[in-house]
Amino acid sequence: MLANFGYGLLVIAFFLSLYGAVAAVVGARRNQFAWVESARLSTLLTFLLIFISTGILLYFLVSGHYEVEFVYSVASQSMSPLLRLTALWGGQSGSLLFWAWLMSGFSAAAAMRKWDRDRELLPWVILVLLVTLAFFLGLIIFVDNPFNRFWQLPNGTSISSMFQPQGGTLIVPPDGNGLNPLLRHPGMIFHPPLLYLGFVAFTVPFAYAIAALVAGRTDDRWIRLTRRWTLVAWLFL
């Protein structure tokens, strides 16, 4: 049930990000800031939804819910709780969720700044950020879902699926495969999240650059606005 809830939050965040992107464009084209404000609030809400969903997956990793395919593939009873937490980026589906969480966090931080002076840039910044976020959420939901579970069919075969198949019984393994030994090195614990932070943070200056192009701003205002973002992203890389 909790896995369904975590997956459902991602689905809501996906459609909310698409709504926010459309609302931002509508607000900019019609010069109606209420639509843009709605898109901005959507950006903040997506962060909350993905934050909770990521927390659920972390809970599965620490508590050993090996019926979840991703948990089974990267965690085991022999691993410490700290190592199980870092197993979030020990597999592709978990890494995608972690990336989406960071993306939503940086998007929310960008949307929370004061936009009195540069209001014409706001809808296009939101558009770029939410479209990028929707892309990663789409990968998680439709391609590599970290909340898939193991099910045994009536004919004895086992499958991995998000939802219970007809006549299927949930399989709960006593232990998981554990994290790849190469990924248990302290360097691999810190390296991926720092790299992700650098890559994701650069999305904000990119969004400002596209916004300046669309809005026809030929001055260097967007460069000065994103200087700190660029330095932070460069520092992490």
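User: What makes strand S1 (residues 149–152) and S2 count as paired strands?

Analyst: Strands S1 and S2 are joined in the antiparallel sense over 4 bridges, and because two strands pair if DSSP finds at least two bridges between them, the 4 bridges satisfy that criterion. Two of the positions can be named: Arg 149 has Ser 161 of S2 as its bridge partner, while Gln 152 stands opposite Ser 158 in S2. S1 and S2 form a hairpin with 5 residues between them, and Gly 156 in the turn has a positive phi of about 95°. The model is predicted, with local features needing pLDDT of at least 70 and side-chain atom pairs pLDDT 80 or more, whereas totals for chains, interfaces and linings use all residues. Residues are numbered from 1 along each chain as its sequence is written, and side-chain values use heavy atoms, leaving out hydrogens and water.

User: Why are S2 and S3 called edge strands?

Analyst: The sheet is open, with 3 strands in the order S2-S1-S3 and antiparallel pairing. Strand S2 (158–161) and strand S3 (169–170) each pair on one side only, and they are the edge strands. S1 runs antiparallel to S3 and is joined to it by 2 bridges, with Trp 151 standing opposite Leu 170 in S3.

User: How many helices and strands does the chain have, and what makes a stretch count as one?

Analyst: The chain has 10 helices and 3 strands, where a helix is a DSSP run of H or I with at least four residues and a strand is a run of E with at least two, numbered from the N terminus. Read from the N terminus on, the elements run α-α-α-α-α-α-β-β-β-α-α-α-α.

User: What makes Asn 31 count as buried or exposed?

Analyst: Asn 31 has a relative accessibility of 70%, and since buried means under 20% relative accessible area, exposed over 50% and partly exposed in between (1.4 Å probe, protein chains only), Asn 31 counts as exposed. Asn 31 lies in the loop between helix H1 (2–30) and helix H2 (33–63), and it has a positive phi of about 55° although it is not a glycine. By the burial criterion, 49% of the 237 residues of the chain count as buried.

User: How do you know whether the length of helix H8 (residues 203–215) agrees with the expected span?

Analyst: The expected span is 1.5 Å times one less than the number of residues, so the 13 residues of H8 should span 18 Å, and its end C-alpha atoms are 18 Å apart, which agrees. Several residues of H8 are buried, among them Val 204, Tyr 208 and Ala 212. The buried residues of H8 pack against other helices, including helix H5 (92–111) and helix H7 (186–201), with contact meaning heavy atoms within 4.5 Å. H8 is followed by Gly 216, whose phi is positive, near 75°.

User: Why are H1 and H6 called roughly parallel or roughly antiparallel?

Analyst: The axes of H1 and H6 come within 8 Å and cross at roughly 155°, where axes are lines fitted to C-alpha atoms over the stretch in contact and angles run from 0 to 180 degrees between N-to-C directions. Angles under 35 degrees count as roughly parallel, over 145 as roughly antiparallel, 65 to 115 as roughly perpendicular and the rest as oblique, and H1 and H6 are therefore roughly antiparallel to each other.
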